[in-house]
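This report looks at cysteine pairing and at charged contacts between side chains, with the cut-offs stated where each term is used.

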Amino acid sequence: MEFLQKVPCEALDPSHLKSLLTIKNMPVLCLSIDNIISEQGDEAEIYCLWGVFNVRREEIRYGIRFSLLNCPHALAWTITLKQASQQIVIHCTIDETEQEEEFIDSINEFVNHWSQGIAQVLR
């Protein structure tokens, strides 16, 4: 399944977006992430709305990809900049085509929290 949100932005470049999207900033940028339990480079253990997970951060062409390494649903999300349309795109996926409505709602909330947090930091 896929989940998508867009955040309008002006005069932002990919390197600035990447510098905002650090593991340390995750709780600031997303209300669904309560805290960072431990961090080693581009991997960390976090506490989020679904519990404790290991997360990996990877730089990609126009942004960052995060993945929950021990998630039973292979949850991953990218946050990328589309400069032509002046938008940040948050794209989240899981490895299922069907899922319980409650879990779908929680993923939508997670993606919305990222959208809101990024918009707030960019103001």
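A disulfide is taken here as a pair of cysteine sulfur atoms within 2.5 Å, and by this rule the count comes to zero disulfides. C9 is in no disulfide, the nearest cysteine sulfur, that of C30, being 18 Å away. The sulfur of C30 is 8.4 Å from the closest cysteine sulfur, in C48, which is too far for a bond. The model is predicted, so local features need pLDDT of at least 70 and side-chain atom pairs count only at pLDDT 80 or more, while totals for chains, interfaces and linings use all residues. Residues are numbered from 1 along each chain as its sequence is written, and side-chain values use heavy atoms, with hydrogens and water left out.

The structure holds four salt bridges, a salt bridge being a side-chain nitrogen of Lys or Arg within 4 Å of a carboxyl oxygen of Asp or Glu. The table gives three pairs, among them two that involve E59.

| Salt bridge | Closest N to O distance |
|---|---|
| E59 and K18 | 3.7 Å |
| R56 and E43 | 2.8 Å |
| R57 and E59 | 3.9 Å |

E59 in strand β4 and K18 in helix α1 (residues 14-20) are 41 residues apart, where helices (H or I, at least four residues) and strands (E, at least two) are DSSP runs numbered from the N terminus. K18, D42, R57 and E59 are linked in a network of salt bridges.

Buried means under 20% relative accessible area, exposed over 50%, and partly exposed in between (1.4 Å probe, protein chains only). On this scale E59 is exposed at 53%, whereas K18 is buried at 15% and R57 is buried at 10%.
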